[in-house]
Amino acid sequence: MDSWCPGTVTALSDSRDSYSDMLEGGNFSNQETLYEVLSVRKDATYDEIRAAYKSAVLNTHPDKAQMALNPLVSSSERNEFLSVQKAWEILRYPKSRAEYDKQLQSSRQNLEIVATEIEIDDMIVESTADSVELLYPCRCGDYFSITSRELGQIGISVREDGEMELHTSYSVPASVVLGCGSCSLKARLVTNKT
């Protein structure tokens with residue numbers, strides 16, 4: 001066992017490089033998430049993640065594979081063990097977990113298929129004291145929504161009557177993906193017809 005331990009340190013430092021790559025904008029589309037690696041929900045507590053890690057590391061540890069009279073640990077078994085280590089190193093710290101969650105969410109928003117395309121004219125306009133909210137009914141009964149403040153951040157002003165004005169000083173995106181308030185459906189709000 002002592003002869004394998006130095007290799008573990010090397011393997012973990014290699015793993016740190018790969019998970020920092022993941023944190024710096026890696027592609028999540030073809031990989032299982034770190035939550036899936038540990039078989040926990042995204043909203044799992046630290047204790048749940050820790051317990052799942054302990055179980056997974058015991059089940060994937062290369063020494064366990066050697067006990068099954070396997071003289072060489074396959075690269076897939078080693079990768080599975082390193083994936084468990086990587087998941088733990090990121091999810092155990094609140095700051096790195098929050099950054100991972102943010103990048104995972106961003107990646108998923110770019111990949112998600114939208115249920116429908118809508119235009120500003122299709123939306124219901126609701127005015128409050130300090131903002132205008134645009135709503136579009138979802139088939140689940142809730143709404144897709146965006147506020148005038150959120151549109152303002154991407155260079156679109158919305159008046160109380162729902163009329164929109166594009167600011168020429170901004171590079172306005174052609175569309176914005178909106179999530180439903182209750183379900184997982186997405187709608188694409190077309191903001192700039194070209």
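This text walks through two sheets and one unusual loop residue in a predicted model.

Start with the sheet that holds β1, β7 and β8. This sheet is open and has three strands. Their order is β1-β8-β7, and the pairing is mixed. The edge strands are β1, residues 116–119, and β7, residues 175–179. Each of these two pairs on one side only. Neighbouring strands here are turned against each other by 30° on average, with direction ignored.

What does "mixed" look like, strand by strand? Take β7 and β8 first. Strand β8 covers residues 186–190, and β7 pairs with β8 in the antiparallel sense. Five bridges link the two. Two of the facing pairs can be found by eye. S175 stands opposite V190 of β8. V177 stands opposite R188, also in β8. The connection between these strands is a hairpin, and six residues carry the chain from β7 to β8.

Now turn to β1. Here the sense is parallel: β1 and β8 pair over four bridges. On this side, E119 has V190 of β8 as its bridge partner. V190 has already appeared opposite S175. So find V190 in the model, then look for E119 and S175.

Is β8 largely enclosed or largely open? Four of its five residues are buried, so the rest of the structure largely encloses β8. Buried here means under 20% relative accessible area.

Next comes the sheet of β2, β3 and β4. This one is also open, with three strands in the order β2-β3-β4. Its pairing is antiparallel. Strands β2 (124–127) and β4 (143–147) stand at the edges. Each has a single partner strand, so one side of each is left without a neighbour in the sheet. The twist averages 25° from one strand to the next.

Look closer at β2 and β3. Strand β3 runs over residues 132–137, and four bridges join it to β2 in the antiparallel sense. One contact to look up is V125, whose bridge partner in β3 is L134.

Last, leave the sheets for a loop. S39 sits between α2 (34–38) and α3 (46–60). What is unusual about its backbone? S39 has a positive phi of about 60°, although it is not a glycine. Most residues other than glycine have a negative phi. Is S39 buried or exposed? Its relative accessibility is 67%, so S39 counts as exposed. The cut-off for exposed is over 50%.

Technical notes:
Residues numbered from 1 in each chain as written. Predicted model: local features only at pLDDT ≥ 70, side-chain atom pairs only at ≥ 80, totals over all residues. Heavy atoms only, no water. Pairing = 2+ DSSP bridges. Axes fitted to C-alpha atoms, helices over the stretch in contact; angles between N-to-C directions. Buried < 20%, exposed > 50% of the residue type's maximum accessible area, 1.4 Å probe, protein only.
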